[in-house]
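User: I am new to this structure and would like to go through it in questions and answers. Please start as soon as it is shown.

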Amino acid sequence: IPCDTLCLAVGLTPLTELCWQAGCDMAFIRELSGHVPIVDENLETSVPGIYAAGDVSGIEEASSAMVEGRLAGFSAAGALGYQPEKAKELCAAAADELRELRSGPTGAKIMAGLSKVAAKQKAEKGGACIC
């Protein structure tokens, strides 16, 4: 079914089926509550043009999911050529906000999980990841 955007809100159970069906590289990351798609620093999965944000990429606070959604949206807009310099600035601001949200003691578990995702992404791409 051709579409431009698909958004799901289903509570605290990651619904990764769409990522699996799309062929995204996935990994079991206990700190992120199970199987999650491997994403880069822009939240793009291994399938170009597919971004993962919110609970599908790991259970955490709603505020983090909202900021991840903005980061993914800005990244997608920039990738599509919509004000790429402005998108890059907005992505950097969102990434800074995520780091701040995850800086406290409760964020340590999430950061440990994200480090595992970054390592897997780096291994699969053979390059650096700033996740």
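User: Of the 131 residues of the protein chain, what percentage count as buried?
Analyst: This is a predicted model, in which local features need pLDDT of at least 70 and side-chain atom pairs count only at pLDDT 80 or more, while totals for chains, interfaces and linings use all residues. Residues are numbered from 1 along each chain as its sequence is written, and side-chain values use heavy atoms, with hydrogens and water left out. A residue is buried under 20% relative accessible area, exposed over 50% and partly exposed in between, using a 1.4 Å probe and protein chains only. By these cut-offs, the buried share of the 131 residues is 35%.

User: Which pattern does the protein chain follow when read along the sequence?
Analyst: Helices (H or I, at least four residues) and strands (E, at least two) are taken as DSSP runs and numbered from the N terminus. The protein chain has four helices and two strands. Read along the sequence, their pattern is α-β-β-α-α-α.

User: What is the radius of gyration of the protein chain?
Analyst: The radius of gyration is taken over C-alpha atoms, and the globule rule used beside it is 2.2 Å times the number of residues to the power 0.38. For 131 residues the rule gives 14 Å, and the value for this chain is close to that, so the chain is as compact as a globular protein of that length. The radius of gyration itself is 14 Å.

User: Which elements each supply at least two residues of the largest nonpolar core?
Analyst: A nonpolar core is a set of buried Ala, Val, Leu, Ile, Met, Phe, Trp, Tyr and Cys residues joined through side-chain atoms within 4.5 Å. The largest one here has 22 residues, and those with the most contacts inside it are Ile29, Leu32, Leu71 and Val117. The elements that each supply at least two residues of this core are strand 1, helix 2, helix 3 and helix 4.

User: Which residues does Leu71 touch, not counting those up to four places away in sequence?
Analyst: Contact here means heavy atoms within 4.5 Å. Over the whole protein chain, 49% of the contacts between residues at least 6 apart in sequence join residues at least 24 apart. With residues up to four places away left out, the residues touched by Leu71 are Glu41, Asn42, Leu43, Cys91, Ala94 and Leu98.

User: How many salt bridges does a search of the whole structure find?
Analyst: Side chains of opposite charge can pair when their charged atoms come close. The pairing counts as a salt bridge when a side-chain nitrogen of Lys or Arg lies within 4 Å of a carboxyl oxygen of Asp or Glu. Searched in this way, the whole structure gives a number of salt bridges equal to five.

User: How many residues apart are Lys116 and Glu31, the pair that links distant parts of the chain?
Analyst: Lys116 and Glu31 form a salt bridge whose closest N and O atoms are 2.8 Å apart. Lys116 sits in helix 4 (residues 107-125), whereas Glu31 sits in the loop between strand 1 (26-29) and strand 2 (34-37), and the separation along the chain is 85 residues.

User: Is Glu68 buried or exposed?
Analyst: Glu68 and Arg102 meet through their side chains in a salt bridge of 2.7 Å, N to O. This pair also links distant parts of the chain, with Glu68 in helix 2 (residues 62-79) and Arg102 in the loop between helix 3 (84-101) and helix 4, 34 residues apart. Arg102 has a relative accessibility of 9% and counts as buried. Because its relative accessible area is 4%, Glu68 is buried.

User: In which helix do Arg99 and Asp96 both lie?
Analyst: Arg99 forms a salt bridge with Asp96, and their closest N and O atoms are 2.5 Å apart. Arg99 is partly exposed, with a relative accessible area of 45%, and Asp96 also counts as partly exposed, at 45% relative accessibility. The two are three residues apart, about one turn of the helix, and both lie in helix 3.

User: Where is the place of Thr45?
Analyst: Thr45 has a relative accessible area of 6% and is therefore buried. Apart from residues up to four places away in sequence, Thr45 touches several residues, including Cys24, Pro37 and Tyr51. The place of Thr45 is in the loop between strand 2 and helix 2.

User: What is the phi of Gln83, a residue other than glycine?
Analyst: Gln83 is placed in the loop between helix 2 and helix 3, and at 58% relative accessibility Gln83 counts as exposed. Its phi is positive although the residue is not glycine, and the value is near 45°.
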